[in-house]
Amino acid sequence: MRILVAEDEPVSRRLLESTLRRWEHNVEAVADGTKALEILAGVDPPKLAILDWMMPGLNGAEICRALRKTDRGRSLYLLLLSSKASKEDAIECLDAGADDFISKPFDPAELRARVSVGIRLVGLRMELEARMKELAERTAQLQQANERLTLWGKELEQRNSEINLLGEMGGLLQSCNTSAEAYAATQAFARRLFPEDPGALFVFGESRQTVEAVAVWGETPPEERVFALDDCWALRRGRVHGGADIEAGLRCRHVAAGHAAYVCVPMTAHGATLGLLHILLTASDSEQREARQSLGVRVGEHLGLALAKLKMQEALQHLSVRDPLTGLFNRRYMEESLERELRRAERLGKSLGILMLDIDHFKRFNDTLGHDAGDSLLRELGNLLPRQIRSSDIASRYGGEEFCIVLPEASAETTRQRAEEIREAANGMRVQHGQQVLDAVTLSLGVATFPQNGRTRDALMKSADLALYRAKSEGRNRVCVAESP
Amino acid sequence: MRLEGDRELLAELIGIFLDTAPDLLARVREACSREDAPGLERAAHALKGALSNFGATEAVAAAFAVEDSARQGNAAATRPDVEALEEHLARLTLELRAFHLDHQA
């Protein structure tokens with residue numbers, strides 16, 4: 001044990017020093033109080049000190065007081081040595097901060113006992129300090145662990161809310177009937193899923209050479225709204241493009257140079273690419289960017305499947321309402337629409353026109369030139385009719401060479417005029433069939449109007465049919481208007 | 001003796017005492033003649049401490065008397081005590097010197 005002895009009187013100092021050395025302590029002896037304080041307040045001091053009460057410089061009590069003001073000094077064991085042996089002196093010693101005191105001339109047995117008490121106490125204090133330090137470290141570790149846990153909790157919460165949103169979006173997409181509805185739903189949910197990251201949903205245009213934005217979100221959404229397939233690595237390679245690819249210098253041409261991080265997720269379903277989900281990643285933290293990117297990939301997967309399903313639905317819908325040869329609506333769709341439009345006209349007090357038309361001598365045409373030529377003629381008329389009417393009018397192939405057009409809100413006169421225009425346009429129609437140009441054809445048309453020629457679908461169609469029959473019998477290539485029923 | 005029979009250490013301590021005691025006594029005398037009570041108390045205290053190690057009860061008592069009077073602030077009144085201390089010290093010094101010479105021989 002290292003022990004400091006501070007005693008000005010040389011005989012006593014020497015005696016203390018030799019006595020303690022005999023007990024195999026490592027003794028450092030000084031002759032005045034100032035020096036003693038210097039050592040005890042210095043770096044790595046002896047933990048136990050025997051200080052004389054009366055010394056030049058500082059006395060023992062003053063050293064005690066000075067040391068006890070500091071944290072390090074408080075851990076030292078201070079034993080005061082005094083020739084005054086009264087009770088008051090003892091109290092003064094302890095008041096000054098001494099741990100114990102011993103009277104001079106000392107009894108070696110007493111000194112030994114008091115020193116060993118001191119050594120035990122120093123040992124306990126050091127152990128306590130070590131434990132406190134350990135405790136402080138453990139507390140700090142615990143605090144760190146707690147902070148990490150809180151962070152994980154927050155992340156978990158975030159993931160959870162993302163999963164809920166994804167689920168909600170999936171549900172809404174399921175109930176969309178058209179692509180346009182799905183795009184609107186995507187835009188609404190993307191705002192909530194990526195509140196900080198702007199982006200856009202792109203789908204292929206008619207040509208399949210370009211994609212165009214159908215939904216955009218964020219305060220500063222992507223600038224490029226239409227671009228070629230070649231401008232995007234994700235579309236070219238058919239795989240997610242982001243993170244490391246961009247850091248390696250592979251930037252898509254459709255992304256402005258200012259955006260350091262982004263992700264392009266190609267939307268594929270059943271092997272076909274439908275479009276692209278593009279998100280600009282604005283988070284400064286790379287882990288957050290990665291989290292956003294993987295969320296983007298999941299959203300892309302969802303959207304791909306939903307859009308593929310819608311496309312299929314739309315194709316089926318088209319098949320079920322269209323006549324495959326002419327591309328016009330089929331009879332069933334026309335009848336349903338007429339029923340609906342009649343109720344609407346009734347409700348709003350509006351008129352509604354229908355016209356029935358028939359290609360004159362189509363049978364003869366078919367017999368002489370063949371069914372293929374007949375089909376070409378029907379197809380050409382299918383192209384012509386929609387160009388002669390408004391987009392809200394419904395042109396349909398009623399059967400064979402007979403067509404029916406519903407004109408919501410049209411008066412008798414307007415319907416008749418429209419019929420006249422169609423007749424004239426058909427006269428000017430030249431149909432190319434293989435190498436030859438087919439002979440011009442004429443049309444007969446019958447016009448009927450709600451409410452004067454009938455209030456129900458059947459009545460109205462019967463009136464129009466009668467008018468058409470009259471046009472035929474009056475010599476064809478003409479328009480006849482129904483007489484009141 | 002408190003030195004557990006260590007004659008060598010005893011000889012060393014006596015040597016130190018013989019070397020330092022005259023100086024301490026000189027400080028006692030000087031403080032006394034200057035009537036410097038605090039100085040006298042400190043010097044007498046130191047001398048008493050040194051003496052106490054040799055079990056020199058009478059000399060210690062004499063030194064304590066000087067210290068005690070000085071503490072009460074009466075340096076002049078201690079002159080007889082100082083003289084008594086000198087006598088005790090002279091006698092002890094002779095004894096210790098004899099022991100010292102004997103031991104060294």
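In the predicted model, six strands of chain A form an open sheet in the order β8-β7-β6-β11-β10-β9, and the pairing is antiparallel. The edges of this sheet are occupied by β8 (226-228) and β9 (241-242) of chain A, each of which has a single partner strand, so that one side of each is left without a neighbour in the sheet. Within the sheet, strand β10 (residues 262-269) of chain A and strand β11 (residues 272-280) of chain A are paired in the antiparallel sense over 8 bridges. In this pairing A:Cys264 has A:His278, a residue of β11(A), as its bridge partner.

Helices also pack on the sheet. Helix α7(A) touches β6 (199-204) and β7 (210-217) of chain A, and the direction of α7(A) makes an angle of about 50° with that of β7(A). Helix α10(A) likewise packs on the sheet, where its contacts are with β6, β9, β10 and β11 of chain A; the direction of α10(A) makes about 30° with that of β10(A). Strand β6 of chain A is thus touched by α7(A) and by α10(A).

Empty space in the model was examined next. The largest pocket has a volume of about 430 Å³ and is lined by 20 residues, of which A:Glu155, A:Gln158, A:Arg159, A:Gln288 and A:Arg292 lie nearest its centre. Two or more residues of this lining are given by each of the elements α6 (108-174), α7 (179-193) and α10 (286-321) of chain A, and the largest share, 8 residues, comes from α6(A). Two of these elements, α7(A) and α10(A), are helices that pack on the sheet described above. By class, the residues that line the largest pocket divide into 10 charged, 6 nonpolar and 4 polar.

Besides the pocket, the structure holds 2 cavities of 30 Å³ or more. The second largest cavity encloses about 30 Å³ of space, and its lining consists of A:Glu341, A:Arg344, A:Ala345, A:Lys350, A:Ser351, A:Leu352, A:Pro408 and A:Glu409. Helix α11 (residues 331-348) of chain A gives the most to this lining, with 3 residues. When the lining of the second largest cavity is divided by class, 4 residues are charged, 3 are nonpolar and 1 is polar.

Notes: Residues are numbered from 1 along each chain as its sequence is written. Chains are lettered from A and ligands numbered from 1 in the order in which they are written. This is a predicted model: local features need pLDDT of at least 70, side-chain atom pairs count only at pLDDT 80 or more; totals for chains, interfaces and linings use all residues. Side-chain values use heavy atoms; hydrogens and water are left out. On a 1 Å grid over the protein atoms alone, a cavity is a set of points where a 1.4 Å probe fits but cannot get out, and a pocket is an open set with protein on both sides within 12 Å along at least five of seven lines; lining residues have an atom within 4 Å of a point. Grid points are joined across faces, edges and corners, and a volume is the space filled by probe spheres set on the points. Helices (H or I, at least four residues) and strands (E, at least two) are DSSP runs, numbered from the N terminus. Ala, Val, Leu, Ile, Met, Phe, Trp, Tyr, Cys and Pro count as nonpolar, Asp, Glu, Lys and Arg as charged, and the others, Gly among them, as polar. Two strands pair if DSSP finds at least two bridges between them. Contact means heavy atoms within 4.5 Å. Axes are lines fitted to C-alpha atoms, for helices over the stretch in contact, and angles run from 0 to 180 degrees between N-to-C directions.
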